[in-house]
Amino acid sequence: MATVLARSAQLGLGEPLPEIAFHRRVVEQSAFAGFVFFLLVPVFLEELLFRGVLLGWLRGRMGPAAAVLSSALLFAGLHEGAGSRVLAFLIGIALGSLATRAHSIRETLLIHLVYNVSVLAPVLG
């Protein structure tokens, strides 16, 4: 945990998300439940909503670049903390661009899952 706090401070991200203690308790009770509810479900829902439904809808109304930026901005708004929002916005641009080029969210699902595992694994220990 100290490593995560130190790394967050170096990146200017502040403290980790406030629900980390809750995540840790759930994972201590059941690693499988923690994996499903904190990694698989959020990744699937966020990708389906932001890169699937919303990005597709916006692309039809404003063009691909504006759609990617708009969906990334809304994705960032879902995350807590200024540092987390900036990072989520940048990730949203990258994933939105990929989904637009690939005409699919398959790749973005995998990338988002790997990213969330890499962020949460050290915290949840």
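A contact here means heavy atoms within 4.5 Å.

**Figure 1. Overview of the protein chain in a predicted model.** Counted with that contact cut-off, residues 24 or more positions apart account for 59% of the contacts in the protein chain with a separation of 6 or more. The chain holds six helices and zero strands, and from the N terminus on its elements run α-α-α-α-α-α. Of the 125 residues in the protein chain, 32% are buried. The chain exposes about 7500 Å², and carbon and sulfur atoms supply 70% of that area.

**Figure 2. Close-up of the nonpolar surface patch to which helix H3 contributes.** The patch covers about 860 Å² and is made by Phe35, Phe37, Leu40, Val41, Phe44, Leu45, Leu48, Leu49, Val53 and Val117. Helix H3, which comprises residues 31-62, gives the most to this patch, with nine residues. Leucine 40, one of the patch residues, lies in helix H3, and because its relative accessibility is 36%, leucine 40 counts as partly exposed.

**Figure 3. Close-up of the largest nonpolar core.** This core has 10 residues, namely Phe50, Leu54, Leu55, Leu58, Ala67, Val68, Phe75, Ala76, Ala88 and Ala99. The elements that give two or more residues to the core are H3, helix H4 (64-77) and helix H5 (82-102). Alanine 67, one of the core residues, touches Leu55, Leu58, Arg59 and Met62 when residues up to four places away in sequence are not counted; among these partners, Leu55 and Leu58 are themselves listed in the core.

**Figure 4. Close-up of alanine 66 in helix H4.** Whereas alanine 67 belongs to the core, alanine 66 is partly exposed, with a relative accessible area of 31%. The C-alpha atoms of alanine 66 and leucine 55 are separated by 9.7 Å, and the two residues stand 11 residues apart along the chain.

**Figure 5. Close-up of the salt bridge between glutamate 47 and arginine 51.** The count for the model comes to one salt bridge, and in the pair shown, glutamate 47 with arginine 51, the closest N and O atoms are 2.7 Å apart. Both residues lie in helix H3, four residues apart, about one turn of the helix. An α-helix has 3.6 residues a turn, so residues three or four places apart point the same way. Both glutamate 47 and arginine 51 are buried.

**Figure 6. Close-up of histidine 112 and the residues it touches.** Histidine 112 is found in helix H6, which comprises residues 106-124, and because its relative accessibility is 5%, histidine 112 counts as buried. When residues up to four places away in sequence are left out, histidine 112 touches Val43, Glu46, Glu47, Arg51, Phe75 and Leu95. Among these partners are the two residues of the salt bridge, glutamate 47 and arginine 51, as well as Phe75, which is listed in the largest nonpolar core. Histidine 112 and glycine 92 are 20 residues apart along the chain, and their C-alpha atoms are separated by 9.8 Å.

**Figure 7. Close-up of helix H5 and the loop that follows it.** At 1.5 Å a residue, the 21 residues of H5 should span 30 Å, and the end C-alpha atoms of H5 are 30 Å apart, which agrees. The buried residues of H5 are Gly83, Ala88, Gly92, Leu95, Gly96, Ala99 and Thr100; of these, Ala88 and Ala99 also appear in the largest nonpolar core, and Leu95 is one of the residues touched by histidine 112. H5 is followed by histidine 103, which lies in the loop between H5 and H6. Histidine 103 has a positive phi of about 55° although it is not a glycine, and because its relative accessibility is 68%, histidine 103 counts as exposed.

**Figure 8. Close-up of leucine 120 in helix H6.** Because its relative accessibility is 12%, leucine 120 counts as buried. Leucine 120 and leucine 39 are 81 residues apart in sequence, while their C-alpha atoms are 8.7 Å apart in space.

Technical notes. Residues numbered from 1 in each chain as written. Predicted model: local features only at pLDDT ≥ 70, side-chain atom pairs only at ≥ 80, totals over all residues. Heavy atoms only, no water. Patch = residues over 30% accessible without salt bridge, like charges linked within 9 Å, V, L, I, M, F, W, Y side chains within 5 Å. Areas by Shrake-Rupley, 256 points an atom, 1.4 Å probe, with all protein chains shown as cover. Salt bridge = Lys/Arg side-chain N within 4 Å of Asp/Glu carboxyl O. Buried < 20%, exposed > 50% of the residue type's maximum accessible area, 1.4 Å probe, protein only. Core = buried A, V, L, I, M, F, W, Y, C linked by side-chain atoms within 4.5 Å. Expected span 1.5 Å × (residues − 1).
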